[in-house]
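Please take a moment to look over the structure shown here before reading on. The paragraphs that follow go through it step by step, from the whole chain to single residues.

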Amino acid sequence: MTLNSYLIIALSFAVAGIIAFAATPLAKRFAFLVGAVDKPGGRHIHKKPTALMGGLAIFLGFVVSLLIFGDMDRQMTSILLGALVIVLVSALDDIFDLPALLRLIVQFGAAAIPVFYGGIRVDVLSTLGLGATPDVVINEIISIPLTMIWIVGITNAVNWIDGLDGLAAGVSAISAVSLLVISCILGNAYIAISIAALAGAIIGFLPYNLNPAKIFMGDTGAMFLGFVLATMSIQGLFKFYMVVSFLVPFLVIGIPLLDMIMTTARRVLSGQSPMAADRAHMHHKLIDMGFNQKQTVAILYCVSGMFGIAAIVLTAGGESKALLLLLAILVAAIFGVRLIVSRDRRQESEESQGEAAGETPIEEQDSEHE
């Protein structure tokens, strides 16, 4: 890419960030005005009513920057139209709490726009060099439903991890930055400019969303981010099948995807609907282990960052390096879990000894939003 391309990418990032940052207080006022407020109780761990619809500020920053600096061809227009449908229906969901089936139908309808109007499809998969050919061409009969399932799946995956202050927004920002770096490595200025607008908009909103959050992005933001990340990953990653491994898009969106797979499998195996809400997501498990909100979010940021780095290394042609990095992440995760389990057992032992001695254990004070 040329120096001019990098300048446009930087401007796209900056303009989106400034607009999102400036628009977030307005989105907060609008949310309270229309009653899009998340109240404490149930699965929610915050302690005071908090405005939703912060995603409107992210959407505004992204769209304005994209219209100024992006290439609004048929494919990008289809992504924007699909995202608009997602944002409008998700905004209504933040206000009225729409039925899950209706949301799912709308998500498939929105996914159909880039698939059929924009021609955005997963039509080639890499075999990682394990097959007789370096890539596999997928028939339309398979590629169309596969692409729509990918888009709808990632749309919901990002929404499902939106359970702690700054978690979904931060993980999405890491995914967007990873995709931005990969696009630059591949010399794809078209995707880089668009994803820079998304990354900038998220980062512009993030200061308001970090613990303690002043506003939540709500379904309006979470589903919008999932939708755009899903479609951009097809354009920027799956299409470059001769350069980028099939693993890369999965690594870029690793945390939401992993949580979605584990959550869906758990619900199906227990006889529940995959769309049934519960308090057993990845971040809930970490909270139950004794970590507070900030620690949990920091842990998932680190893991998401490691996935992103592995995707970047893999893109640069270092398959062995990327596999070693993933192995290191796995070893570190196992070691971390062992430390957590050991700590919990030690605490339980100390509490048992204290109770046996007639002492009353002092409960740890909850954080402000738990």
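Helices and strands are here DSSP runs, a helix having at least four residues and a strand at least two, and both are numbered from the N terminus. With that in mind, Met53 can be placed in the loop that runs between strand S2 (50-51) and helix H2 (55-69). The model is a predicted one, and in it the phi of Met53 is near 70°, a positive value in a residue other than glycine. Met53 has a relative accessible area of 1%, and because buried means under 20%, Met53 is buried.

Taken as a whole, the protein chain holds 13 helices and four strands, and of its 370 residues 48% count as buried. Among the contacts between residues at least 6 apart in sequence, 74% join residues that are at least 24 apart.

Two packed helices are described by the angle between their axes and the distance between those axes. For helix H3 (residues 74-96) and helix H4 (residues 100-117), the axes come within 8 Å and cross at roughly 170°; since angles over 145 degrees count as roughly antiparallel, H3 and H4 are roughly antiparallel to each other. On the side of H3 the contact includes Arg74, Leu81, Val85 and Asp93, while on the side of H4 Arg103, Ala110 and Tyr117 are among the residues taking part. Sorted by class, this contact of H3 with H4 has ten nonpolar, three polar and three charged residues. In the loop between H3 and H4 lies Asp97, whose phi is near 60°, a positive value in a residue other than glycine. Asp97, at 61% relative accessibility, counts as exposed.

A second pair is formed by helix H6 (residues 167-185) and helix H12 (residues 293-315), whose axes come within 9 Å and cross at roughly 15°, and H6 and H12 are therefore roughly parallel to each other. Their crossing is right-handed. Among the residues that meet are Gly170, Ile174 and Ser178 in H6, and Leu300, Ser304 and Gly308 in H12. The residues of this contact divide into eleven nonpolar, seven polar and no charged.

Further along the chain, the peptide bond from Asn211 to Pro212 is cis, with omega near -5°, and Pro212 has its place in the loop between helix H7 (189-209) and helix H8 (218-236).

Helix H10 (residues 254-269) has 16 residues, which at 1.5 Å a residue should span 22 Å, and its end C-alpha atoms are indeed 22 Å apart. The buried residues of H10 include Ile255, Leu257, Asp259 and Arg267. H10 is followed by Gly271, whose phi is positive, near 80°.

Methods
Residues are numbered from 1 along each chain as its sequence is written. This is a predicted model: local features need pLDDT of at least 70, side-chain atom pairs count only at pLDDT 80 or more; totals for chains, interfaces and linings use all residues. Side-chain values use heavy atoms; hydrogens and water are left out. Axes are lines fitted to C-alpha atoms, for helices over the stretch in contact, and angles run from 0 to 180 degrees between N-to-C directions. Angles under 35 degrees count as roughly parallel, over 145 as roughly antiparallel, 65 to 115 as roughly perpendicular and the rest as oblique. A crossing is left-handed if the near helix is turned anticlockwise from the far one by less than a right angle, and right-handed if clockwise. Contact means heavy atoms within 4.5 Å. Ala, Val, Leu, Ile, Met, Phe, Trp, Tyr, Cys and Pro count as nonpolar, Asp, Glu, Lys and Arg as charged, and the others, Gly among them, as polar. The expected span of a helix is 1.5 Å times one less than its number of residues. Buried means under 20% relative accessible area, exposed over 50%, partly exposed in between (1.4 Å probe, protein chains only).
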